[in-house]
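Trainee: I would like a close look at a single part of this model, followed by whatever helps to place it in the whole. Please give the cut-offs for any term as you go.

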Amino acid sequence: FVAVFDFGAQYGQLIARRVRDLNVYSEIVPCDISADELAAMAPSAIILSGGPASVYADDAPDMDKRIFDLGLPILGFCYGQQIMAVKLGGKVGHTKKGEYGPAQLTRRGESRILDGTPETQTIWMSHRDAVSEVPEGFSVTSVTETCPVASMEDASRNFYATQFHPEVRHSVHGNEMLKNFLFNVCGLDKTWTMDNIIDDKVAQIREQVGDRKVILALSGGVDSSVVAALVHRAIGDQLTCVFVNHGMLRKGEPEMVEEVFRKQFNVPLVHVHAEERYAKLLAGVTEPEKKRRLIGTEFWKVFFDEAQKIGDVEMLAQGTIYPDIIESGARKTGGKASTIKSHHNLIPFPDGVHFDLIEPLDHFFKDEVRELGVSLGLPAKMVYRQPFPGPGLAIRIIGDVTPEKLEILKNADAIVREELDAYNERLFEETGDRNSEHSCWQYFAVLPDIKSVGVMGDERTYQRPVIVRAVESSDAMTADWAKLPYEVIGKISSRIVDEVAGVNRVVYDVTPKPPATIEWE
Ligand code: XMP
């Protein structure tokens, strides 16, 4: 596998994904891992990521110099090139002006990394410091107008580095450079394919579980659904899925869970109808964080009650994915693989209750989880569904949650989703791109805690408005309101007021995040 050193700001994640896209397994390691710890992991190659710091800053992320003596091929990008230069006896200095964005690269002489790419090409730069003197044994293999060492290599020791970022798409031939490293320099095999992954995971799960019983909290979300399908493939009916229906799922969702897991996969499924229990629990509760807390705590209570009923369950399967681990452990604790903790620590196990965990997706990126889901036979609408908060529609009903409001919201939300699914589909047909510029990323209805005056026929009405929220985003950290065509908004509006009893007005939220959030509560 390829060990990707993360020098900060999540640069490593993108590189690890690019490597895996080329069917080679890669893992992120903390940059301060020791040569011995790394050697014990037996990687085949190393990539050093970029990072926001200056190599000479006091708190600059450092690496163990002895790693260069392990005899492994090493490729460094940006900060990775600079730290390689410094560790091997070269020099790094400030450039007169920084270089940010696209730049023209000109090749110089032979290069195993740039091999097969044009003499001049567009690459992506983002730096202020740069290598001013290459270490002994290295030659400069490309330059830009402002950067005298845009790439360097010492092919005899298999050390390669670029000041630019081949991992970003704006570096037009970046992928070819990565391929040159992985396949020509390192001679790696393309073993990271979905079929291999499923076979390996199935074998691992069987070995880990033995003849024990496993339980899983199935929500209908992407991660828990994929874990369910995978673990079931491995151990069949030793797995029981518990689906806690709190009544605040979207229209059609409980039915889809039944359809897919009970009918199609034939997984032992306990469908807990907790709708009334939750309705009582939430009656009169208006404060958003209190709703979240109550729903979360109650969820685990219901779940563990069910686990007790099944009896002799020793293991709990969880849909923890790689970013959960990276984000909860590696960065907060400043490195050290041994201190990485996954978010399962947050499960409030009741006193005296213990389960061994299996988290078969804990080294998968979200895109890979989706691909795995498709390969396991889950329907696309489950695998590609938009993010949906755990507390469900409760946080899309402003104020207290009542059965009447839930009914209105479910129906209005179903219309928003139907129309915008169709809109996204039309964009996809026009552009051939699932993530084309104006496609909506998340879209739903919100029910505010107010009424408004309207008129129907000769009658004055005093009913509820519905808010439509639709955003473009890639990671939910920032978002913009979707610039939907007027006719699309118009159709959603007229369908909601025509089809949903109790609604006489529809408004569209035109606020980006920040300053707003995607959700209303
Ligand atoms: P905000 O509203 O903070 O949401 O912009 C960012 C993303 O997170 C989702 N979200 C939640 N997911 N539990 C979850 O599992 C929650 O309590 C929760 N609140 C927000 C939201 O849908 C969006 O995708």
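Mentor: Phe-388 counts as partly exposed because it has 18 C-beta neighbours inside 10 Å. The scale behind that word is this: 20 or more other C-beta atoms within 10 Å of a residue's own make it buried, 12 or fewer make it exposed, and anything in between is partly exposed, with C-beta atoms placed from the backbone. The model is a predicted one, in which local features need pLDDT of at least 70 and side-chain atom pairs count only at pLDDT 80 or more, while totals for chains, interfaces and linings use all residues. Numbering starts from 1 along each chain as its sequence is written.

Phe-388 sits in the loop between helix 12 (380–383) and helix 13 (403–431). Helices here are DSSP runs of H or I with at least four residues, strands are runs of E with at least two, and both are numbered from the N terminus. From C-alpha to C-alpha, Phe-388 is 7.7 Å from Gly-221, although their positions lie 167 residues apart in sequence.

The ligand comes next. Its surroundings include Pro-387, Pro-389, Gly-390 and Pro-391, together with Arg-292, Gln-442, Ala-476, Lys-513, Thr-517, Ile-518 and Glu-519. A residue is taken as near a molecule or strand when its C-beta atom, placed from the backbone, lies within 6 Å of it. Sorted by class, this shell holds five nonpolar, three polar and three charged residues. For that sorting, Ala, Val, Leu, Ile, Met, Phe, Trp, Tyr, Cys and Pro are nonpolar, Asp, Glu, Lys and Arg are charged, and the others, Gly among them, are polar.

Two members of the shell deserve a second look for their backbone. Most residues other than glycine have a negative phi, and most peptide bonds are trans. Ala-476 has a positive phi, near 70°. Ala-476 belongs to the loop between strand 17 (459–472) and strand 18 (480–481), and it is partly exposed because 14 other C-beta atoms lie within 10 Å. Lys-513 is joined to Pro-514 by a cis peptide bond with omega about -15°. Pro-514 is in turn joined to Pro-515 by a cis bond, with omega about 10°. Pro-514 is found in the segment after strand 19 (503–508), and Pro-515 is placed in the segment after strand 19 too.

Arg-292, another residue around the ligand, falls within the range of helix 9 (residues 288–310). Helix 9 packs with helix 8 (residues 275–282) at an angle of about 145°, with the axes 11 Å apart. These axes are lines fitted to C-alpha atoms over the stretch in contact, and angles run from 0 to 180 degrees between N-to-C directions. Tyr-278, Leu-281 and Leu-282 of helix 8 make the contact with Lys-291, Leu-294 and Glu-298 of helix 9. Contact means that the C-beta atoms of two residues, placed from the backbone, lie within 7 Å. The residues of this contact comprise four nonpolar, no polar and two charged.

Now for the wider setting. The assignment gives domain 1 (2–185), domain 2 (194–383) and domain 3 (402–508), with bounds that come from an automatic or database domain assignment. Over C-alpha atoms, the centres of domain 2 and domain 3 are 30 Å apart. Contact between them involves five residues of domain 2 and six of domain 3. On the domain 2 side, those residues are two nonpolar, one polar and two charged.

Met-315 gives a buried residue to set beside Phe-388: it has 22 other C-beta atoms within 10 Å. Met-315 is part of strand 13 (residues 313–317). Apart from neighbours within four places in sequence, Met-315 is in contact with Val-209, Arg-212, Val-214, Phe-355, Asp-356 and Ile-358.

Burial can also be read for a whole element. Helix 3 (residues 79–87) is largely enclosed by the rest of the structure, because seven of its nine residues are buried. Just after helix 3, Gly-89 has a positive phi of about 100°.

As for the chain in full, 38% of its 521 residues are buried. The secondary structure comes to 14 helices and 19 strands, and the C-alpha atoms fill a box of roughly 85 × 60 × 40 Å along the principal axes.
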